[in-house]
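Colleague: I would like to go through the labels on this model and hear the reasons for them.

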Amino acid sequence: QTVQPTREGRSHQHILMQFARSFVKMAGNNTVLNRLEQRASEADEVIEYLKQQVALLKEKAILQASQREEKKLRVENAKLKKEIEELKEQLIRTEIQNGVKQVTLPANASILISCATEEPEQAKQIQLVTPSIPAAKEINKGNSEDKKRDTTEKKGEKKEKKQPAAATDDSKPVDVSRLDLRVGCIVTAKKHPDADSLYVEEVDVGEAALRTVVSGLVKHVPLEQMQNRMAVMLCNLKPAKMRGVVSQAMVMCASSPEKVEILDPPSGAVPGDRITFQAYPGEPEKELNPKKKIWEQIQPDLLTDEHCVATYKGVPFEVQGKGVCKAQTMLKSGIK
């Protein structure tokens with residue numbers, strides 16, 4: 001005889017079944033949670049690694065920027081040193097030409113530089129140790145007598161000096177050594193406000209200040225190709241006003257009636273580098289005299305050869321130790 005389960009027994013069985021199912025679900029959820037926690041810890045490790053890599057990249061970028069700045073400063077310092085030495089030599093030559101004696105300091109003279117310690121804003125004082133008073137008087141007497149003799153001699157020699165100076169200037173050969181050709185960098189260029197065919201450029205030729213240059217290149221070179229461009233510059237033409245703007249140099253170009261190309265200096269050249277010619281040594285004129293037509297006599301012999309190299313009578317435009325100047329495509333063309 002079978003016993004039928006009561007309603008109360010069936011409800012207990014149902015509760016036990018639900019409890020068993022929920023327990024199974026909880027066990028499955030625990031494994032999922034464990035996996036999620038493991039992946040979260042792995043993600044934290046990856047994020048920390050990426051943070052370290054970003055920090056290293058930042059340090060590397062800062063180091064590279066500082067190295068570039070240091071290199072730039074070294075180039076500028078070298079240019080300044082070169083300019084100072086040239087100015088010193090020019091000053092000495094000018095003083096010698098004007099009859100100024102070059103006097104060295106005596107061995108017992110010394111320069112004392114004292115800086116104020118209690119008053120930091122006070123300027124530095126430079127004192128020269130001088131000889132005793134009687135010796136100074138004797139030196140002054142001797143100097144005054146020398147000055148008197150020099151003035152009398154100079155008066156007699158003034159007229160004689162003028163003629164030889166003119167003779168030496170005329171005796172110098174008219175060749176490319178008279179031209180002050182340098183490497184320049186066209187820093188900026190813009191259209192001339194009053195002339196559609198002209199550019200107005202600011203050019204670095206290795207001097208303390210940029211030079212303003214006016215060029216008729218609008219029809220031949222696009223404006224964007226004129227920006228921050230290296231070029232060969234003629235720097236000792238007399239400044240000339242072109243439609244209201246004073247031009248202080250000239251951009252050297254290979255030229256034909258149909259086409260014009262700016263001459264390119266060799267790679268590695270910097271603004272201020274001299275363009276030299278092996279067969280024509282000598283220092284350039286400070287400023288070409290327009291009345292003597294020196295540029296007009298030299299220009300017809302400026303040509304590009306069969307390799308686009310710029311030449312004067314077959315001798316290349318050269319930056320010593322760096323290479324020759326060239327046009328991009330123009331062969332056997334005039335240069336101006």
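Colleague: Why is Tyr-312 called buried?

Modeller: Its relative accessible area is 1%. Buried means under 20%, exposed means over 50%, and partly exposed is what lies in between (1.4 Å probe, protein chains only). Tyr-312 is under the limit, so the label is buried. This is a predicted model, in which local features need pLDDT of at least 70 and side-chain atom pairs count only at pLDDT 80 or more, while totals for chains, interfaces and linings use all residues. Residues are numbered from 1 along each chain as its sequence is written, and side-chain values use heavy atoms, without hydrogens and water.

Colleague: What makes Tyr-280 and Tyr-312 an aromatic pair, and why is it edge-to-face?

Modeller: Rings of Phe, Tyr and Trp (its six-membered ring) pair if their centres lie within 6.5 Å; planes under 30 degrees apart are stacked, over 60 edge-to-face, and the rest tilted. For Tyr-280 and Tyr-312 the values are 5.0 Å centre to centre and 75° between the planes, so both conditions are met.

Colleague: How do you know that this pair links distant parts of the chain?

Modeller: Tyr-280 is in the loop between S11 and H3, Tyr-312 is in strand S13, and they are 32 residues apart. Helices (H or I, at least four residues) and strands (E, at least two) are DSSP runs, numbered from the N terminus.

Colleague: How many aromatic pairs does the rule give?

Modeller: The count is three. Another of them is Phe-277 with Tyr-312, edge-to-face because the planes are at 75°, with the centres 6.5 Å apart. Phe-277 is in the loop between strand S11 (260-262) and helix H3 (294-298), and Tyr-312 in strand S13 (residues 310-312), 35 residues away along the chain. Phe-277 has 5% relative accessibility and therefore counts as buried. Ring pairs join Phe-277, Tyr-280, Tyr-312 and Phe-317 into a cluster.

Colleague: What makes Lys-172 and Glu-285 a salt bridge?

Modeller: A salt bridge is a side-chain nitrogen of Lys or Arg within 4 Å of a carboxyl oxygen of Asp or Glu. The closest N and O atoms of Lys-172 and Glu-285 are 3.9 Å apart, so the pair qualifies. This bridge also links distant parts of the chain: Lys-172 is in the loop between helix H2 (133-171) and strand S3 (181-192), Glu-285 in the loop between S11 and H3, and 113 residues separate them.

Colleague: Which labels do Lys-172 and Glu-285 get for accessibility?

Modeller: Lys-172 has a relative accessible area of 27% and is therefore partly exposed. Glu-285, at 16%, is buried.

Colleague: How many salt bridges does the rule give?

Modeller: The count is 12. Among them is Glu-207 with Arg-211, whose closest N and O atoms are 2.8 Å apart. Glu-207 is partly exposed because its relative accessibility is 30%, whereas Arg-211 is buried at 14%. The side chains of Glu-261 and Lys-259 form another, at 3.2 Å from N to O. Here Glu-261 is buried at 7% and Lys-259 partly exposed at 37%.

Colleague: What joins Asp-180, Arg-182, Glu-207 and Arg-211 into one network?

Modeller: Asp-180, Arg-182, Glu-207 and Arg-211 are joined by salt bridges that share partners.

Colleague: What is noted about phi at Arg-243?

Modeller: Arg-243 has a positive phi of about 50° and is not a glycine. Most residues other than glycine have a negative phi, which is why a positive value is noted. Arg-243 is in the loop between strand S7 (240-242) and strand S8 (245-247). With 54% relative accessibility, Arg-243 is over the limit and so counts as exposed. Lys-293 also has a positive phi, of about 55°, and is not a glycine. Lys-293 is in the loop between S11 and H3, and at 46% relative accessibility it counts as partly exposed.
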